[in-house]
Amino acid sequence: MAVAPAPGLDPADLSEVELVEALRAAEEEKCRLDALQVELTARLDEVVRRRHAAAGVRAEKQGAGVASQVALARRESPNRGARHLGLAKILVAELPHTLAAMRAGWCTEWRATLVARETACLSLADRRRVDAELMADPATTDGWGDQRLVAAARARAYELDPHAALKRSRKAEGERHVSLRPAPDTMTWLTALLPVAQGVSVYAALTRTADQARAAGDERGRGQVMADALVASLTTPAATSSESAEPAPVPGPAPASVPVAVNLTVSDATLFGGGHAPGWIAGYGPVPAGYARDLVATALEQAQATLRRLYTTSTGALVAMDSRSRTFPAALGLFIDLRDRSCRTPWCDAPIRHHDHVVPDHAGGPTGAPNGQGLCEACNQAKEAPGFTATVHDGLVTTTTPTGHQVRSRAPALPPGDPPPQPPQQPRQSQGLGPVVHLYRHHLQVVLADDFQAA
């Protein structure tokens, strides 16, 4: 079945506004074509299986070769063909709203893959529930980057079946490994799959080392210093038997004791009262309630954790401070990092590199949490280009492009909290957490640190 192409467009005849509109229309058409490929793939599987059954092929062999046909038709590898086939069958049979979103032109094949992946551990009924909650209305996920979509689907999976999600998380720890793959220009990809706490800690340690080296005048790029620090930590002369080995480059002297924090935001009911609402690890995303309690208990046993109040659910307001300085102080900057989690530009999940004034300082914008947002370096530079303007009202940032198109962003919602027990109960002492104050109705930031030292 052929699909008629869109009427030909000559970009030379279009205005700037029309070029942007044409790009949007082309993207929506791609989503519709993705949906068509999904339906064609699922239908192909049905036809081949029916033919195999009529020919007397054993049930376990029926459908063989479909993935290869899909891969050949799409000019991709068999492995990708199998992925396309699996996704098509899931979308048609189990995720009708996600497939409808693709037909409507606002959900790509990749984002559909993310929804399918993060709901794989759920029953059919729960999977369809998440599908309806996230993908029935385009306004629900409008402006979300891929990481935010993944986090939302993962969090709902934790809430609907915390035991299955926790079992899946603990099973995944057994799959930790290090791999090496070739990259262009005589480079290699060294990849480590680690449990979240270990991975975040390793990355934070490398980041801290790089920031210190750059502050001391090191002219290497941030990524270069991090890579050199990783190599130096594993290939120092003391770790090898060769006395003639050249010392690995070390990005400046490292301090004797470096606190490496893992920031965990969790409701007090989850931490102290046995609640099931997931926690949130900065730089990673939601984690099951049981996993969060295990992390805190382990850290407290080693005197490596501290608590601070971050959220109040009675008003939904964040606890923060304003500043009279033009730049954001460290405490306020950390607050913005934890609140925004990643770059605030819609559809961008890049790490926060700059703390930006929504309304610029030179235009009278205050240095405070309401007028602050976390941006990656590229988005912050783009925002400063001629013709871009931004306003903020009640936490909603509206950015207007030179063509007059507007995009809006709001900081992610608070991590969900369990309701207070009725009647009030004494908070449970759990897994070595020790006596605590009854703080129901709050969310807490838990700082889990190696060699933590209180400020």
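Buried residues make up 38% of the 455 residues in the chain, and the exercises below treat this chain as a predicted model.

**Exercise 1. The chain as a whole**

Describe the secondary structure of the chain, its exposed surface and the sequence range of its contacts.

*Solution.* Begin with the secondary structure, in which 14 helices and 12 strands are found. Turn next to the surface, where the chain exposes about 25800 Å², with carbon and sulfur atoms supplying 56% of that area. Finally, take the contacts between residues at least 6 apart in sequence: of these, 61% join residues at least 24 apart.

**Exercise 2. The nonpolar cores**

Identify the residues with the most contacts inside the largest nonpolar core, and state which helices supply it.

*Solution.* The largest nonpolar core has 24 residues, and those with the most contacts inside it are V38, L91, L99, M102, C107, L134 and M135. At least two residues of this core come from each of helix 1, helix 3 (78–94), helix 4, helix 5, helix 6 and helix 7. Helix 7 gives the most to this core, namely 5 residues. As a next step, take M135 and set aside residues up to four places away in sequence; M135 then touches H97, T98, A101, W106, C107 and V115. A second core, separate from the largest one, has 15 residues, among them V196, L264, V266 and L271.

**Exercise 3. A threonine in a loop**

Decide whether T141 is buried or exposed, and list its contacts beyond its neighbours in sequence.

*Solution.* Locate the residue first: T141 lies in the loop that runs between helix 6 (124–135) and helix 7. Its relative accessible area is 5%, and since buried means under 20%, T141 is buried. Once its neighbours within four places in sequence are left aside, T141 is in contact with W106, R111, L134 and L149.

**Exercise 4. Salt bridges between helices**

State how many salt bridges the whole structure contains, and work out which helices are joined by the pairs R103 with E39, R154 with E118, and D211 with R222.

*Solution.* A search of the whole structure finds 26 salt bridges. Side chains of opposite charge can pair when their charged atoms come close.

Step 1: R103 forms a salt bridge with E39, and their closest N and O atoms are 3.1 Å apart. Because R103 lies in helix 4 (residues 96–104) and E39 in helix 1 (residues 16–54), the pair ties together parts that are 64 residues apart in sequence. R103 counts as partly exposed at 40% relative accessibility, and E39 likewise counts as partly exposed, at 30%.

Step 2: R154 forms a salt bridge with E118, with 3.1 Å between the closest N and O atoms. This pair links distant parts of the chain, R154 being in helix 7 (residues 146–160) and E118 in helix 5 (residues 109–118), 36 residues apart. R154 counts as buried at 14% relative accessibility, and E118 counts as buried at 5%.

Step 3: D211 forms a salt bridge with R222, the closest N and O atoms again being 3.1 Å apart. D211 belongs to helix 9 (residues 196–215) and R222 to helix 10 (residues 222–234), so this pair ties together parts that are 11 residues apart in sequence. Both residues count as partly exposed, D211 at 37% relative accessibility and R222 at 24%.

Step 4: Salt bridges may also form a network, as they do where R74, E76, R80 and E109 are linked.

**Exercise 5. Strand 8 and its partner**

Determine the sense in which strand 7 and strand 8 pair, and say which residues cover the two faces of strand 8.

*Solution.* Strand 7 (residues 354–357) pairs with strand 8 in the antiparallel sense, over 4 bridges. As an example of the pairing, the bridge partner of H355 in strand 8 is G374. Both faces of strand 8 (residues 372–375) are covered, given that G372 and G374 on one side and Q373 and L375 on the other are all buried.

**Exercise 6. Cysteines without disulfides**

Explain why neither C31 nor C379 is bonded to its closest cysteine.

*Solution.* A disulfide is a covalent bond between the sulfur atoms of two cysteines. The cut-off needed here is 2.5 Å between the sulfur atoms. The sulfur of C31 is 6.8 Å from the closest cysteine sulfur, that of C107, and is therefore too far for a bond. For C379, the closest cysteine sulfur is in C376 at 3.5 Å, which is also too far for a bond. C31 counts as buried at 1% relative accessibility, and C379 is buried with a relative accessible area of 17%. The structure as a whole holds 0 disulfides.

Conventions
Residues are numbered from 1 along each chain as its sequence is written. This is a predicted model: local features need pLDDT of at least 70, side-chain atom pairs count only at pLDDT 80 or more; totals for chains, interfaces and linings use all residues. Side-chain values use heavy atoms; hydrogens and water are left out. A salt bridge is a side-chain nitrogen of Lys or Arg within 4 Å of a carboxyl oxygen of Asp or Glu. Buried means under 20% relative accessible area, exposed over 50%, partly exposed in between (1.4 Å probe, protein chains only). Contact means heavy atoms within 4.5 Å. Two strands pair if DSSP finds at least two bridges between them. Accessible areas come from the Shrake-Rupley method with a 1.4 Å probe; for residues, only the protein chains shown count as cover. A nonpolar core is a set of buried Ala, Val, Leu, Ile, Met, Phe, Trp, Tyr and Cys residues joined through side-chain atoms within 4.5 Å.
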